[in-house]
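User: Please take a close look at a single part of this model and describe its surroundings with care. I would like one connected account rather than a list.

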Amino acid sequence: YMGQWLAPVDPADRNAVLAKSAKVAVTAGVAGAVLTNPLDVVRNEMFKTEEKMVPCMTRMTKETGAMWLFRGINKNWVAVAAPIAS
């Protein structure tokens, strides 16, 4: 579906097809990292504190506001980008 938003490429031009595929893969990877990161943060915090999910999220929101949603996102982006770049 994402490929429909990108400029069309000539199927005979292998480099253009690979570049378009890479754009789609990177976008999907980053979207996945951004959407699942808050769940990873909550899971890790629950392991450390042995709290249930909702009390854990409530406490983190009181302590840091919404910033906990993005805690560790850089590591997730690197984990997504490294396999694609190689």
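Analyst: Contact here means heavy atoms within 4.5 Å. The model is a predicted one, and the part chosen for the close look is helix 1, which covers residues 14–49.

Within helix 1 sits N37, and its relative accessible area is 2%, so N37 counts as buried, the limit being under 20%. Leaving aside residues up to four places away in sequence, N37 touches L69, F70, R71, G72, I73 and N76. For L69 there is also a polar detail, since a polar atom of the N37 side chain lies 3.0 Å from the backbone oxygen of L69.

The largest nonpolar core is made up of five residues, namely V41, V42, C56, M60 and W68. To this core helix 1 and helix 2, the latter spanning 53–64, each contribute at least two residues. One of the core residues, C56, touches V42, E45, M46 and E51 when residues up to four places away in sequence are not counted.

A further set of contacts involves V80, a residue of helix 3, which runs over residues 73–85. With residues up to four places away in sequence again set aside, V80 touches G29, V30 and A33. The relative accessible area of V80 is 19%, and because the limit for buried is under 20%, V80 is classed as buried. By contrast with these contacts, the C-alpha atoms of V80 and A12 are separated by 29 Å, the two residues being 68 residues apart along the chain.

How values were computed: Residues are numbered from 1 along each chain as its sequence is written. This is a predicted model: local features need pLDDT of at least 70, side-chain atom pairs count only at pLDDT 80 or more; totals for chains, interfaces and linings use all residues. Side-chain values use heavy atoms; hydrogens and water are left out. Helices (H or I, at least four residues) and strands (E, at least two) are DSSP runs, numbered from the N terminus. Buried means under 20% relative accessible area, exposed over 50%, partly exposed in between (1.4 Å probe, protein chains only). A polar contact is a pair of N or O atoms within 3.5 Å; within protein, one must be able to donate a hydrogen and the other to accept it, and residues adjacent in sequence count only if both atoms are side-chain atoms. A nonpolar core is a set of buried Ala, Val, Leu, Ile, Met, Phe, Trp, Tyr and Cys residues joined through side-chain atoms within 4.5 Å.
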